[in-house]
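Me: I have a structure to go through for class, and I want to know what stands behind the labels people put on it. Can you take my questions one at a time?

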Amino acid sequence: SKKYHNSPMPNSIFFNGGIAMHGTYEVARLGKPASHGCVRLHPKAAAAVFELVRQHGMENARIIVTQ
């Protein structure tokens, strides 16, 4: 992401303007605040979700974020 100091955001799926679900290589920090509102996933999980959305289309995906 150029917006966030060239941070890697593999398999990004933008679902709310500039908010995305994407992989992170900082797996030790998963579950802790680190992104600018994004949902961070293990790289393998992000790749699997990205492929599902690619196959079925974003119009058929629903992303619900709860606390």
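Me: What makes the pair Arg-54 and Glu-51 a salt bridge?
Reply: This is a predicted model, and in it the side chains of Arg-54 and Glu-51 meet at 2.6 Å, N to O. The cut-off is 4 Å between a side-chain nitrogen of Lys or Arg and a carboxyl oxygen of Asp or Glu, so the pair qualifies. The structure holds one salt bridge.

Me: How are Arg-54 and Glu-51 placed in helix H1?
Reply: Helix H1 covers residues 43-56, and the two are three residues apart in it, so about one helical turn separates them.

Me: Why is Arg-54 called exposed, and why is Glu-51 called partly exposed?
Reply: Arg-54 has a relative accessible area of 55%, and exposed means over 50%, so the label fits. Glu-51 has 29% relative accessibility, which falls between the 20% and 50% limits, so Glu-51 counts as partly exposed.

Me: How do you know that Arg-40 has no salt bridge?
Reply: The nearest side chain of opposite charge is that of Glu-26, 7.3 Å away. A salt bridge has to be within 4 Å, so Glu-26 does not qualify. Arg-40 is nevertheless buried, and its place is strand E3, residues 39-41.

Me: What does the side chain of Arg-40 reach at 3.0 Å, and what at 2.5 Å?
Reply: At 3.0 Å it reaches the backbone oxygen of Arg-29, and at 2.5 Å the backbone oxygen of Lys-32. The limit for a polar contact is 3.5 Å, so the distance to Arg-29 is inside it, and so is the distance to Lys-32.

Me: Where is Arg-29, and why is Arg-29 called partly exposed?
Reply: Arg-29 sits in the loop between E2 and E3. Its relative accessible area is 41%, between 20% and 50%, so it is partly exposed. Along the chain Arg-29 and Arg-40 are 11 residues apart, and their C-alpha atoms are separated by 9.5 Å. Leaving out residues up to four places away in sequence, Arg-29 touches Ala-34 and Arg-40.

Me: Is Ile-19 buried or partly exposed?
Reply: Ile-19 has a relative accessible area of 21%, and buried means under 20%, so Ile-19 is partly exposed. This residue belongs to strand E2. Beyond four places in sequence, the residues it touches include His-36, Gly-37 and Cys-38. Between Ile-19 and Gly-37 there are 6.2 Å, C-alpha to C-alpha, although they are 18 residues apart in sequence.

Me: What makes Gly-18 partly exposed?
Reply: The value for Gly-18 is 43%, which lies between the limits of 20% and 50%, so the term applies. Gly-18 is in the loop between strand E1 (13-16) and strand E2 (19-23). Its C-alpha lies 8.5 Å from that of Cys-38, 20 residues apart in sequence.

Me: Which residues make up the largest nonpolar core?
Reply: There are five: Ile-13, Met-21, Leu-41, Ala-46 and Val-53. Apart from neighbours within four places in sequence, Ala-46 is in contact with Pro-10, Asn-11, His-22, Gly-23 and Leu-41.

Me: What pattern does the chain follow, and what percentage of its residues is buried?
Reply: Read along the sequence, the pattern is β-β-β-α, with one helix and three strands. Of the 67 residues, 22% are buried.

How values were computed
Residues are numbered from 1 along each chain as its sequence is written. This is a predicted model: local features need pLDDT of at least 70, side-chain atom pairs count only at pLDDT 80 or more; totals for chains, interfaces and linings use all residues. Side-chain values use heavy atoms; hydrogens and water are left out. Helices (H or I, at least four residues) and strands (E, at least two) are DSSP runs, numbered from the N terminus. Buried means under 20% relative accessible area, exposed over 50%, partly exposed in between (1.4 Å probe, protein chains only). Lys and Arg count as positive and Asp and Glu as negative; His and the chain ends are not counted. A polar contact is a pair of N or O atoms within 3.5 Å; within protein, one must be able to donate a hydrogen and the other to accept it, and residues adjacent in sequence count only if both atoms are side-chain atoms. A nonpolar core is a set of buried Ala, Val, Leu, Ile, Met, Phe, Trp, Tyr and Cys residues joined through side-chain atoms within 4.5 Å. Contact means heavy atoms within 4.5 Å.
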